[in-house]
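Biologist: Before we discuss how the two chains meet, could you show me the model, and then let me ask on what grounds each term is used?

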Amino acid sequence: MANPANKNSKQVETTGHVWDDDLREYSNPLPSWWLWTFYATIVFSVVYWILYPAWPIGKSFTRGIATVTVEENGQMVEKPWNSRTQLIEEMQSSPSAVKQREYIEKVGKASYEEILANPDMMAFARSMAKGYFGDYCAACHGSGGQGNLPYFPNLADDDWLWGGKVDHLQASINNGRKGNMPAFPVQGEAMDDLATYVLSLSGEQVDAAAAERGKKGYAMCMGCHGAEGKGNPMLGAANLTDKAWSVINIPAAGSLEEKKRLIGGVVNKGIQREMPAFASRLKPEEIKMLTVYVHELGGGQ
Amino acid sequence: MKHESIEINAGLLIILTLVVVSIGGLVEIVPLFHIKDTVEEVKGVRPYTPLEQRGRDLYIREGCYACHSQMIRPFRDEMLRYGHYSLAAESKYDHPFQWASKRTGPDIARLGGKYSDEWHTQHLIRPQNVVPESIMPPYPWLLKNELAYGDIENRMKALKMTGVPYSLSEDEYQANVAEHGKEMADKLHIPNARATLEAEANGRNLDGDKSRITEMDAMVAYLQALGTMVDFKQYEQGYFANFR
């Protein structure tokens, strides 16, 4: 309790209660700004109860009289306000949504040739798809599409396992991909020769005699990678004759021995890679923009 | 009773304070048990399979909820980034629900199916392996620890007491068959729990090692189930607005 001597302005009444002989409590009125603010909050809450969902009654609750106008089955209808009707309204008619939808519809109707040839639509697709890519693709393929070996292929080069045309890319995004190479138990010298031959396909400087011996072992690889090692985009089989490696990082390997060891690892263990399907998650227009984005990212074919 | 007698009796003051506070609490809480109009009627929401349920326990053990929410709010920007807003019905079998409130990492209410199993495994071992910019800590022990599932039946029975429709009797089993189909009903049958869990873990082989069932198997199974149960293409947007 404050010392009454400090309160020299005017005498304040006490509550009348006395404790321990001389302990009293001042009965100061609340500051009027505080009191009026308090009354205002009460008035506000009454207005709120009337306008918005508020009071529980039995198994239901008061819906409030505020409304939101939304489009339903082609007609504009008034619905009671709640966070969900407001969201519908915002998705339908907020200025940014309207502006965006105009472009989305335009892109949705256009063919890939038309989009790729139209700088305006490309600019829109690029900026929209950048967001989708960041959210759905970048976790695996990297924020710039640079990939992450051995699991996730590079999208930023012009080497495509499953084909680099827009149709191929769209199919990849829609349905996902299952990359599968069986394991082959090749060991010792035979493996060494096979690895040497595979390296020779992409112009690596290797022992020609060993490569020649390895060619026999390559017969089991031809079914998918082709007689000349050109790969097969129908099966997702890699082209072994270019210098782009989509599972192991050959250019980074220090020595020839290291390169052969890496190839041996792939042959012995096989590959199981999976990309999820996005057709049920993204809208067709969104996949379209994403396709264009990835196509552009990697210098698509 | 005079005000003074309350003020000078500490015991009486405590009791009356409790009465007043509990009235406030009851007025706020009790109606929530009775209001049926806010839980959406949707098809597809089911209890977690035994493997997913164990994954969910690990999710709680590791404190994932401290950085990840599982609650997409009904805002335009959240719809655009994360997908359809979360429904009350989608967490009706979550005890406790994992809505959380802080997003140090992204919301993961609709994580299921977004990335591959392999990605999740690599990401949990060391997030920076796949997302260099990530600040998430690594959870490598998930792959090392064998999953403890000896008490899975008891865990499911406990959840059953809170209202999660795992089945014990033939009638309950048949009800699940009608609701979720035979394949899923088998997984939700408590007497099958252990065999179901082993079959699911080995069938999907999420951690890439068939010889053992690790915590990674369970965690990834749970993460891949998140937000996938309701098929939103079946419903008009206006439908869900009727429940608010």
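Modeller: This is a predicted model, and in it the contact takes 36 residues from chain A and 42 residues from chain B.

Biologist: What makes the pair Glu40(B) and Arg84(A) a salt bridge?

Modeller: The rule asks for a side-chain nitrogen of Lys or Arg within 4 Å of a carboxyl oxygen of Asp or Glu. The side chains of Arg84(A) and Glu40(B) meet at 2.8 Å, N to O, and the pair therefore satisfies that cut-off. Across the interface of chain A and chain B, the rule finds four salt bridges, and there are also 18 residue pairs in polar contact, both residues being at pLDDT 80 or more.

Biologist: Which elements of chain A supply at least two residues each of the side that touches chain B?

Modeller: They are strand E1 (14–19), strand E4 (60–61), helix H2 (83–93), helix H3 (95–109) and helix H5 (119–141) of chain A. The largest share, seven residues, comes from H2(A), and the residues of this side of chain A divide into 15 nonpolar, twelve polar and nine charged.

Biologist: How much area do chain A and chain B bury between them, and what part of it is on carbon and sulfur atoms?

Modeller: Between them the two chains bury about 3400 Å², with 52% of it on carbon and sulfur atoms.

Biologist: How do you know where the domains of chain B lie?

Modeller: The bounds come from an automatic or database assignment, which for chain B gives domain 1 (3–34) and domain 2 (50–241). The C-alpha centres of these two domains of chain B lie 40 Å apart.

Notes:
Residues are numbered from 1 along each chain as its sequence is written. Chains are lettered from A and ligands numbered from 1 in the order in which they are written. This is a predicted model: local features need pLDDT of at least 70, side-chain atom pairs count only at pLDDT 80 or more; totals for chains, interfaces and linings use all residues. Side-chain values use heavy atoms; hydrogens and water are left out. Contact means heavy atoms within 4.5 Å. Buried area is the accessible area (1.4 Å probe) that two parts lose on being put together, summed over both. A polar contact is a pair of N or O atoms within 3.5 Å; within protein, one must be able to donate a hydrogen and the other to accept it, and residues adjacent in sequence count only if both atoms are side-chain atoms. Helices (H or I, at least four residues) and strands (E, at least two) are DSSP runs, numbered from the N terminus. Ala, Val, Leu, Ile, Met, Phe, Trp, Tyr, Cys and Pro count as nonpolar, Asp, Glu, Lys and Arg as charged, and the others, Gly among them, as polar.
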